[in-house]
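This report goes through one protein chain, starting with its sheets and ending with its charged side chains and one glycine. Please keep the sequence and the structure in view while reading.

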Amino acid sequence: LAPHQSYAYLYDAHIKNAHEALRLWNPNNPNNPSAESGGIIQAFNSTFTNVHRAAEFMVYFNWSGTLFNTIPNVSYFDHCTFQVDDNLPSTLNIGDFITIWLNSGISITNSVFQNTTTNNKNKGRGIYSIDAAYSVLGTGINGHCVFKNLHYGVWASCTGFTQPVTISQSNFEDNDVGILID
């Protein structure tokens, strides 16, 4: 790890009722987010309940010696649950569980993104990204990712900087839009 990077390791953790559960940048410097951004989140078997956003990855390039040689982000979410239910505090709005902007290498495996609210018209998004490369995968015989009852399961937006998004062994159930790539 570089000495200036933050690192969060979550194992069997439960974060609930947070506006921003994990934020990998300094919001006090919004005009230059890459000046104070970067970090690693490694979460296993953890739950994020009734959060506006579980994880926010902002623009970050981990350079490896030369201008065009970057090292992928090693962040991952494995066997995690992202959920919003009727106990959502009135001070929070349903947002995006994970947002990724100009980042590559993040892995999401065997995880569930779901909205079980009964009266909320804003159903949120599982993953929203801009110019990012990441994977959403199920692994093993019974492994899969699930996106359930959301406005968008995955929304991958590209503004001209093309990077691959890989989605495999994933189920999209009762979403308004399962996958949008634009």
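Two strands pair if DSSP finds at least two bridges between them. Strands (E, at least two residues) are DSSP runs, numbered from the N terminus. The model is predicted, so that local features need pLDDT of at least 70 and side-chain atom pairs count only at pLDDT 80 or more, while totals for chains, interfaces and linings use all residues. Residues are numbered from 1 along each chain as its sequence is written, and side-chain values use heavy atoms, with hydrogens and water left out.

## Two sheets

One open sheet has six strands in the order β1-β4-β9-β12-β15-β18, with parallel pairing. Its edges are β1 (6-11) and β18 (165-168); each has a single partner strand, so one side of each is left without a neighbour in the sheet. From one strand to the next, the twist averages 5°. For such angles, axes are lines fitted to C-alpha atoms, and values run from 0 to 180 degrees between N-to-C directions. Within this sheet, strand β9 (residues 76-78) and strand β12 (residues 104-109) run parallel and are joined by three bridges. Tyr76 has Ser107 of β12 opposite.

An open sheet of six strands is also formed in the order β3-β6-β11-β14-β17-β20, again with parallel pairing. Here β3 and β20 (177-181) are the edge strands, and each pairs on one side only. Neighbouring strands in this sheet are turned against each other by 10° on average, direction ignored. Strands β3 and β6 run parallel, with three bridges between them. Glu20 has Arg53 as its bridge partner in β6.

## Salt bridges

A salt bridge is a side-chain nitrogen of Lys or Arg within 4 Å of a carboxyl oxygen of Asp or Glu. By this rule, the count is seven salt bridges. Three of them are listed here.

| Acidic residue | Basic residue | N to O distance |
|---|---|---|
| Glu20 | Arg23 | 3.4 Å |
| Glu56 | Arg23 | 2.9 Å |
| Glu56 | Arg53 | 3.4 Å |

The pair of Glu56 and Arg23 links distant parts of the chain: Glu56 is in strand β6 (residues 53-57) and Arg23 in strand β3 (residues 20-23), 33 residues apart. Glu20, Arg23, Arg53 and Glu56 are linked in a network of salt bridges.

Which members of this network are buried? Buried means under 20% relative accessible area, exposed over 50%, and partly exposed in between (1.4 Å probe, protein chains only). Glu20 counts as buried because its relative accessibility is 18%. Glu56 has 6% relative accessibility and therefore counts as buried. Arg53 is buried, as is Glu56. Arg23, at 35% relative accessibility, counts as partly exposed.

## Gly126

Gly126 lies in strand β14 (residues 125-130), a strand of the sheet that runs from β3 to β20 in the order given above. Is Gly126 buried or exposed? Its relative accessibility is 0%, so Gly126 counts as buried.

Contact means heavy atoms within 4.5 Å. Not counting residues up to four places away in sequence, Gly126 touches Asp96, Phe97, Ile98, Phe113, Phe147, Leu150, Tyr152 and Gly153. Gly178 is 52 residues from Gly126 along the chain, and their C-alpha atoms are separated by 9.6 Å.

Methods
Helix = DSSP H or I, 4+ residues; strand = E, 2+ residues; numbered from the N terminus.
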